[in-house]
2 protein chains.
Amino acid sequence: MTETATEEKIKEAARIVFMEKGYAAAGMRDIATKAGVNLSLVNYYFRSKKNIFQIIMLEKMHIIFGNIIPYMVDENTTLEEKLNHIATVYIDTISEDPNLPMFVFSEFQKNPEDFSFLFPIKKINFNEISIIKQFKTIRPDINPAHFMLNFLGLTIFPFIAAHLFSKMNTGIFDNIQTVIKERKSFIPLWMKSILETNLTAK
Amino acid sequence: MTETATEEKIKEAARIVFMEKGYAAAGMRDIATKAGVNLSLVNYYFRSKKNIFQIIMLEKMHIIFGNIIPYMVDENTTLEEKLNHIATVYIDTISEDPNLPMFVFSEFQKNPEDFSFLFPIKKINFNEISIIKQFKTIRPDINPAHFMLNFLGLTIFPFIAAHLFSKMNTGIFDNIQTVIKERKSFIPLWMKSILETNLTAK
DNA sequence: AATTGTTTTAAACATTTGTTTAAAACAATT
DNA sequence: AATTGTTTTAAACAAATGTTTAAAACAATT
């Protein structure tokens, strides 16, 4: 099956090039070259640049959301179990593809219209999923958006800032990959403290 | 002074266009059109695309770091005062330019070499600045990178995720701007809880 | 009023872009 | 061995890119 072989070679090259340079700066010739393949073959197998981009983006969206939402929905785990599990799995997953969050957030912001193809994912009502319901019973006084922003901020932000921070030579972000891995066990504990924080205090 | 007027018109247009589309997707014609000015004038006043981009980027870097580092260095405030002050000022500042963090982080990642012009900023040794020293006396057991990642993650991440989250129709990120403003008072309290969290617990 | 210097314009420049074409190479089937 | 269908190639396409040119318009000075 030479057909599938070259098609996959192109896809893998597209993953790397789009991820590194973003949609706008990525060239069809970059992809072809990285795949070690004739330029025309990229259009032959994937019709257009926008099309192959959307295929890669859909893949990435599944990784960044598909690995997290099933655990959030699970009615058979406690909130503490969810936080433990998700923090670990998520940091491990993204560590294999550290630019993924940046890629998804930044490409979405630049061309929100081009993401209509993933309306299936967008249909989830967070007020109905387990993790939010569990949070609401503990802290009915706080907007659950805070809870999600805190959890995802603590987990995802280090990946987004890693490049810049480690090249700034501050002396504290030198081996940031090691630091990020430590956070797998720290984040659930910090989240627990945050959950217990009294916000009405003067 | 018509000269300064058009030069500033071009600069302002460049700010908007670069911010919206990023370096690669931004065109010289986009900038000229948005400035209401002839295409050649962009090169006349700013020589090249890369040059005008670096001018804008330097501006943005000053906003995102210049507004935060002076307070971190200040030896005359307590850690609690610093957290209170920075959270408020920073959220207010970035709220006026919500795409700033995304812009800076993503453009840096794509072309780190093009940021050599800001080596002055990079010279700061975080181990010597007040906020880190204060943290170290309270929690010598934890890598200060965690402290900074937590604080900046809680503060900055909501801006990075806002676009995607609010368009996902989850039901909890509807008026995310209001939520973000609430965080000005919440984040210092959460940080205090995080600081007191025992991480050695089984 | 003539001259000088600066700003603006329209046109063109050479490259680079995504995409298409048509022929060649290859594989499989009859 | 001839035919069919698929894959790969080289070349070309039109459109868009950043930049330059040279003339025009304008302002200021002598």
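How much area do chain A and chain B bury between them, and what percentage of it is on carbon and sulfur atoms? That's where I'd like to start today. The answer is about 5,900 Å², with 74% of it on carbon and sulfur atoms. And before I go on, please keep in mind that this is a predicted model.

Okay, let's take one chain on its own. Chain A has eleven helices and zero strands, so if you read along from the N terminus, you just get α after α until you run out. The C-alpha trace of chain A spans about 65 × 45 × 30 Å along its principal axes. Chain A has 202 residues, and 51% of them count as buried. On contacts inside the chain: take the ones between residues at least 6 apart in sequence, and 70% of those join residues at least 24 apart.

Now, the two copies. You can superpose chain A on chain B with a rotation of 180° and 0.0 Å of shift along the axis, and the RMSD comes out at 0.0 Å. That's the relation of a two-fold axis. If you want to find that axis on the screen, go to G153(A): in chain A, its C-alpha is the nearest to the axis, 2.5 Å away.

Back to the interface, then. Chain A puts 61 residues into the contact, and chain B puts in 61 residues. Of the interface residues of chain A, 100% are also interface residues in chain B, so the copies meet through the same surface.

What about polar pairs and charges? Between chain A and chain B, the salt bridge count is zero. Polar contacts do turn up, though: twelve residue pairs across the interface, both partners at pLDDT 80 or more.

And which helices are doing the touching? On the chain A side, at least two residues each come from α1 (2-25), α4 (49-66), α7 (100-110), α8 (119-122), α10 (144-167) and α11 (176-196). The largest share belongs to α10(A), with 18 residues. As for what kinds of residues sit on that side of chain A, we have 36 nonpolar, 17 polar and eight charged.

So here's the picture to take away. We've got a helical chain with zero strands, paired with its copy by a two-fold axis. The side of chain A that touches chain B gets its largest share from α10(A), and there are zero salt bridges between the chains. Okay, that's me done, over to you.

How values were computed:
Residues are numbered from 1 along each chain as its sequence is written. Chains are lettered from A and ligands numbered from 1 in the order in which they are written. This is a predicted model: local features need pLDDT of at least 70, side-chain atom pairs count only at pLDDT 80 or more; totals for chains, interfaces and linings use all residues. Side-chain values use heavy atoms; hydrogens and water are left out. Copies are superposed by least squares on the C-alpha atoms of residues with pLDDT of at least 70 in both. Contact means heavy atoms within 4.5 Å. Buried area is the accessible area (1.4 Å probe) that two parts lose on being put together, summed over both. A salt bridge is a side-chain nitrogen of Lys or Arg within 4 Å of a carboxyl oxygen of Asp or Glu. A polar contact is a pair of N or O atoms within 3.5 Å; within protein, one must be able to donate a hydrogen and the other to accept it, and residues adjacent in sequence count only if both atoms are side-chain atoms. Helices (H or I, at least four residues) and strands (E, at least two) are DSSP runs, numbered from the N terminus. Ala, Val, Leu, Ile, Met, Phe, Trp, Tyr, Cys and Pro count as nonpolar, Asp, Glu, Lys and Arg as charged, and the others, Gly among them, as polar. Buried means under 20% relative accessible area, exposed over 50%, partly exposed in between (1.4 Å probe, protein chains only).
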